[in-house]
Amino acid sequence: MDLPGFAVAVWMFVCLYASVVGYPNGKVREACTSMVPCHGGSPQLSPEHTITVNGTEFKPGDNIEVHLSGPDFEGFFIQARDADHLDSPAVGSFVLADRRRSQLLTCGRTKNSAVSHTSKAKKKDIKVYWIAPEDAPKHVLFLATVVKKYRIFWVKIPSPIVSQPDVLSPTPPLHVTSEAMSTSDPVSYISKPFSASGCGITKFCIRNPTNCDPGSASCFFLSFQQEGNSVFIEMSGPSEGYLAFALSQDQWMGGDDAYLCVNVDHRIHVSTAHLKERSHPLLDSENALEDVSWRLADGLLQCSFRRGIRLPAYKGRFNLDTSYYIFLADGEASEGGLIYKHRRQPLITNGLYNVTGLPQDIGGSRAPRLIKAHGALMFVAWITTVSIGVIVARFFKPVWSHSFLFGKELWFQVHRMLMLTTVILTSISFVLPFVYRGGWSQQAGFHPYLGCAVMALTIFQPLMAGFRPSRHAPRRQLFNWFHWSTGTTARILAVVTMFLGMDLPALDLPDPWDTYAMIGFVAWHVGTDVLLEIHSYCLVRKAVEVIEDDRVQILQSLTSAEAEGRLFKQIVLTIYVCGNIVFLVAFLIAINQV
């Protein structure tokens, strides 16, 4: 659930100061591992700045000049890393060239192993000197995070590699702009797609869509197979960026044990991470995974690995002999391996499962049940009850004026029953997202604002109807106009709100089907309305006879005229109701499948 207001304020305060710009004085030790500012948003993909060195070789004890330059920037953070293991701690120490604009920091156990800014004053270049330690790795890469403005920053801009003499140069470094992820264990390659043949028999499987083939281009697949004291894990899906799954004790992100397979320059890097609230995953410096393999072909990203059921030596790794909710997410990644927030809701199991227990073959849902209920109730209210109630009130007064139900005209009772049902359904549906989120959602765009407007109009409409003047009262015409305009405004806003809500991550109905289906419903309703309007106009024209001689207008009995069109209206209403039900069932099926 969302944190209370005070906790959110504290969290935001910490975030603002646990970053390169958030610390105007450059004290950014919290960023030693990730080098990612806690600014929100995503790093820029194409660096404007460069980090250069004055040589390509070094020996222990040598000084290497490191020069960061480019357009004006406010903050920076520089480290040296083992070029073969970029997730390893910083190596070596630095000496400053300008103490007014730069300062030394200690990352990990190595003193003076990083350099940062001293203030937010704009600067175009920074020069420092790196001292190679006695136990220096064979290849060293310098990484720089640069902050131009609070929301504009680049992460882990790489320098040329410097190497010790008589050591073969490594493969050119990845264009790193973000958290570099790798496994230190040897990696092999998967020769073919995974198989679901053992699902529910020898291994625990999660598939989306249910019972899909892992080799198909639309199947997300995750399996766990216990082998002694370890579990072999397979994960695949249609993604060109990354796939990730997490074990969680609840259905909310935060405090979770996560595993990521990320496409970095057409190679898959597998790593473990810890999820802290809704922030970027915190990657582990030590990898607890073995037998890592991967494959990237035919639009599918596949990876497999093994981990122990219990890993007491690794902080943050959950025991696999306990029940958890399981999340499965996919998304885009930059060229340097930085993963971006998933555009749609992760697949979440409907309950707690023990992956080392009884083998099962299950699915999951990308939409929480409360959000599904919210969408379903709104569709029932605004596709069926409101629409039918409006048609009945507008066109069936003459048709049902002589039929009564509980002492009132039939059309009025049907209209009132449908509208009261709409109020009840909308009120229940309106509360559900607040229960799910624990408060207001800042990530839903205009949808919640328009939803509140619809809810207000929905409540106001029956309250206004309770003060309806008598049929022949002077203010009845004014009331009719207000009643019609309020109802029409509510219906228009409701349709717009549903259009926006269908593509929100928490529901995200299939595109572009959902848009076409909603457009089809609007056209269906407007078409029926226009057809009945033309029919009523024709009836009135037929009922009027003008005698030219006396200039006297004689009206035939409207009752008999309406009788001629009664059968037509009833047929149209029947077809309209059936059409609305078809649209409703289609939307409900789509909601159930997400």
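Here are three short exercises on the predicted model above, each with a worked solution.

Residues are numbered from 1 along each chain as its sequence is written. Local features need pLDDT of at least 70, side-chain atom pairs count only at pLDDT 80 or more, totals for chains, interfaces and linings use all residues, and side-chain values use heavy atoms, leaving out hydrogens and water.

**Exercise 1.** Find how confident the predictor is in the chain.

*Solution.* Start with pLDDT, the predictor's confidence in each residue, from 0 to 100. Its mean over the chain is 83, and 86% of the residues reach 70 or more. Next, look at residues 1-22, where pLDDT stays under 50. Finally, turn to residues 546-558, where pLDDT also stays under 50.

**Exercise 2.** Place Ser 113 and decide whether it is buried or exposed.

*Solution.* First, locate Ser 113 in strand β6, residues 110-117 (strands are DSSP E runs of at least two residues, numbered from the N terminus). Then check accessibility: Ser 113 counts as buried because its relative accessibility is 0% (buried means under 20% relative accessible area, exposed over 50%, partly exposed in between, with a 1.4 Å probe and protein chains only). Last, a polar atom of the Ser 113 side chain lies 2.9 Å from the backbone oxygen of Thr 110.

**Exercise 3.** Describe the surroundings of Phe 396.

*Solution.* Begin with the loop between α2 (369-395) and β24 (404-405), which holds Phe 396. With a relative accessible area of 0%, Phe 396 is buried. Now list contacts (heavy atoms within 4.5 Å): beyond four places in sequence, they include Trp 411, Lys 569 and Leu 573. Trp 411 is 15 residues from Phe 396 in sequence, and their C-alpha atoms are 6.3 Å apart.

Conventions: A polar contact is a pair of N or O atoms within 3.5 Å; within protein, one must be able to donate a hydrogen and the other to accept it, and residues adjacent in sequence count only if both atoms are side-chain atoms. Helices (H or I, at least four residues) and strands (E, at least two) are DSSP runs, numbered from the N terminus.
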